[in-house]
Amino acid sequence: MGLRIWAVMQKEFIQTLRDRRTLLLLLSIPIIELFLFAYAIRMNVDHLRTVVAGAEGAECYAYVQALEASGYFDVVAYVDDQAEVIRAIDGGRARVGVVFPPTFARDLQRGTAQVLILVDGSDFFPAQTAYGMAGVTAQDYGFSVMVERLERSGYDTRFLHPPLDMRMRILYNPDMSDLVFLLPGLLAMLLQTQTLVLTSAAIVRERELGTMEALLVTPIRPLELMLGKIIPNIILVILDMLLILALGTGLLRVPFRGNVLFFFAVSALYLLSGLGLGILVSSISRSQKQTQQIVMVVVLLGAILSGFIFPRYAMPKWVQMVGLLFPLTYFLGISRGVINKGIGWSVLRPSVLSIALYVLVVLGVAVVSFRRRLE
Amino acid sequence: MIDLQRLRAVLRKELTQLLRDRITLLLIFMMPLLELFFFAYAVNLSVDHIPTAVCDLSLDVRSRDFIDALVASGYFDIAEYAAGEADVIAALDEGRVRAGIVIPPDFAAQVARGQGEVLIILDGSDTYSVQAAYSAATAIAQHHALDLMVEKLRRQGQTFELMPVESSVRVLYNPTLDGLIFIVPALIAMLLQILTVNLTAQSIVREWELGTIEQLLATPIRPLELILGKLLPNLIIAAVALVLIALIGFVGMGVPFRGSVLLFLFLSLLFAISGLGLGLLVSTVAHTQNEAESITSMLMLLSMLLTGFIYPREPMPAIVRLVGDLIPLTYFVRIVRGVVTRGVGLTLVWQDVAALAIYAALAMYLAARFFHLRLD
C-alpha cells in the first residue's frame, strides 16, 4: 500500500514541480497577502479632510485649532455656508464639515454655543472616526473654555481636573497593531484556502482530463490514490505556513506567545478538515468551473462568517450557526489563542475537540461520496 | 472587419455550452446572491454590545453610576461579574468576554478626593472590538468625569453654564451609521467584478488548456470575433446578475438608492466592460485553469483590501494606493458611493468615470495585443 501511495506522490510532485509558474503563484500569494496586511490595512483613519463654514472671530479659530490639534481633522478649505460644505462632501473633496452659526462668539459667552458637524456617511471608517472624535474634541474644547473662565473669575484652577481617570490596558496587543491581530487569522485562512483549492483542483483536474479512470485501472485503490494526491499538497501548505510564520514573527515582529509544538499539532488536525472539505467539493462538482465557484463561496463565506475580520458575537444567531459549518471558525479561536494570548490545551480543549469531530465527520462523508462518485 | 454571421456562430456555441451546463449556470447566479445575503447580515461594522466582565471591588454609589453609564451607552453588555482582576483576565483569555472593567475598592472616596481610577482591560486580539471599546470607553469616562466635576463646582456655588459648547454631529446619507448602507452598494460592485473577470478568464483559459482554441482558430473565425463571441454572453450574465443582486440589495434589504437608476445602470455597463477586459488580460497571462483561478482569487483579495471596498484608502502608503489604482473596482466603488449613496450626478463623479472608460479601452487593447502574441 505504502509503495503505491509513494508512486502517486511522486507523480504529483513531478507535476507540481514541473509547473514552476503555478508553484511560484502558490508560494508568493500568501507572502503578498502578509505584506499587504502588514502595510496597507489601517482601520484607524486620521487627518480627515475637513471644510469649515462661517468661521469668524478668534473663538471659531480657537475651536478649529482644537480640532486640528487632535490629529483627526485637517482643514483643507474655508467656505461661506453650509450648502457649500455639503457640496464639498457630495463631491468627495471633504469627509467632514464644520459649520459655525453667525452668533457663535456671543453664544459662547452665554454658554449656549452650538457647532454643527457634518460627516460623510458613505464610507464607514472615516464616518465612525469623525463621529466619535468630533464629540470628544468638542468636550475638550468646552472644558478648556470653562477652565479659562473660572480662572478669570478668580477661581483656583490648579486642582481642577476631572475626578476620574481611566487606565486602559490592551491585553495581547498593547500597541493595537492591526497585524498582530490579523496574522493568526491570516494563517488560519491560508491553511484552509490552500488545502481546499489544491485538493479539489487536483482531483477534479484528473477527472476532467479523463486521467482519473486511467489511474484507477492501475492496481491502485481509491483511498491510496486520494492519500497520494493529498500528501504532496499537505507538504506544500505546511511550507507556506512555515514561511508566513517565519516572516510574520521574524521580520514583522508579531509575538508568538504560546507553545509552537501545540500549534503545529492542532494545525495538522485542522489541515485534515480542509482536505476533507476539498474532497467533498470535488466529489459533488462536475467541472473545474463548478469547483472554482464552490471553492470561492466557501472561501469568501468562511472569511466573513468565521470571525476572521468581523466579530462573531455581533452577528445574528442563525448567521453564527452557519459559521459553524466552516472549520476556520473553530481554528481561528485556537490560532489567536495560541499566538496572541499564549494559552494552551487546558483552555482550548473544547475547540480542539470540535475540530477533531469536524474532521471525522467531513472525512467520513467525503470518502463515502468519493467512492460513490467513482462507481 | 467583423462578420456578423461568424460572430453569431461563436455566440451560438457559447450559449449552447453555457445553457447545457445547468448546474454551473445556477452556481454562477447563486454565488453572488449567497454572498450578498451573508455579507449583509454578518458584517456588523459598528460593534456594540461588547460582552464585558465587571469586577466592582467598591460596590458603592459612584461605582454603580459609572457602570450604569457604560451599560447605558449600549457599547458594553455585562456578561459576568468577576471577583478580581485575575478572574477578568481569565475570562478574556478564554474568550468569554472581550472587555473587562475593574473598579478599585473605596472608589467613592477616591472620586471625592479627585483621584478615582478605573481600569479597563480589552482583548487586543480582536481589533474591531478593541477599537469600538477603546473609543467608547474613553468618551464615556470623559463625559462621566466632566459631569462629576460640574456637579462639584455647582455645589461650590458656580452658577454659570459650565459646558459652553455643544456639538451636534450629523452623519449625511447614513444618519444611523447603518452597516448595510455602507456595504451593499460596494458589495454589488465587487460581485460584478468577480463575475465578469472570473467568467471571462475561465472560459478562455479553458479553451487554451483543452487545446480547442486552435480548432476554433482553424475555422474562418477571426480572433476578434472569437473574443467578442466569448465576451457577449458573459456581459449578458453579468447584466442579469446585476439586476438580480441590485433588486435584492435595494428593494429587498431596503438600502436607499438616492441617485439616478439609469446613470447607475449605464456606468455599471462601463464597469462590466472593464471587468471583461481585465478577465481577458488574465486569460492571456494564465496557462491553465488552475493558474487562472490563483490569479483571480488573488485579484479578489486585492480588491477587498485595496479598493476602498471596506478599508479606507486614505491612510495607505502611496505605492499601495497605486496598486489599487490598477483595479477597476477602485474607481467604481467611488462611483457607486457617489451615485447610489450620496445621490450625485455625473458632474461630481466624471473623473472616475473617465478613468474607468480609459481603463476599459486600455485593458481591451492590451488583451487583444497579448492574444495575438500568444497565437504566434
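R169(A) counts as partly exposed, at 30% relative accessibility, where partly exposed is the range between buried (under 20% relative accessible area) and exposed (over 50%), using a 1.4 Å probe and protein chains only. Welcome to a predicted model, in which local features need pLDDT of at least 70 and side-chain atom pairs count only at pLDDT 80 or more, while totals for chains, interfaces and linings use all residues. Residues are numbered from 1 along each chain as its sequence is written, chains are lettered from A and ligands numbered from 1 in the order in which they are written, and side-chain values use heavy atoms, leaving out hydrogens and water.

**Where the chains meet**

- Contact (heavy atoms within 4.5 Å) joins 121 residues of chain B to 113 residues of chain A.
- Together the two chains bury about 11100 Å², 66% of it on carbon and sulfur atoms; buried area is the accessible area (1.4 Å probe) that two parts lose on being put together, summed over both.
- Five salt bridges cross this interface, a salt bridge being a side-chain nitrogen of Lys or Arg within 4 Å of a carboxyl oxygen of Asp or Glu.
- R169(A) pairs with E85(B) in a salt bridge, with 3.0 Å between the closest N and O atoms.
- This pair runs from helix α4 (residues 85-93) of chain B, home of E85(B), to strand β5 (residues 164-171) of chain A, home of R169(A); helices (H or I, at least four residues) and strands (E, at least two) are DSSP runs, numbered from the N terminus.
- E85(B) is partly exposed too, at 33% relative accessible area.

**Salt bridges around K13(B)**

- K13(B), partly exposed at 23%, forms a salt bridge with E14(B), the closest N and O atoms being 2.7 Å apart.
- E14(B) is buried, with a relative accessible area of 8%.
- K13(B) also meets E207(B) in a salt bridge of 2.8 Å, N to O.
- That second pair links distant parts of the chain, 194 residues apart: E207(B) sits in helix α7 (residues 179-210) and K13(B) in helix α1 (residues 4-20) of chain B.
- E207(B) is buried, at 7%.

**A look at E68(A)**

- You can find E68(A) in helix α3 (residues 58-69) of chain A.
- Leaving aside residues up to four places away in sequence, E68(A) touches F73(A), D74(A) and V75(A).
- E68(A) is partly exposed, with a relative accessible area of 36%.
- The C-alpha atoms of E68(A) and G121(A) are separated by 21 Å, and the two residues are 53 apart along the chain.
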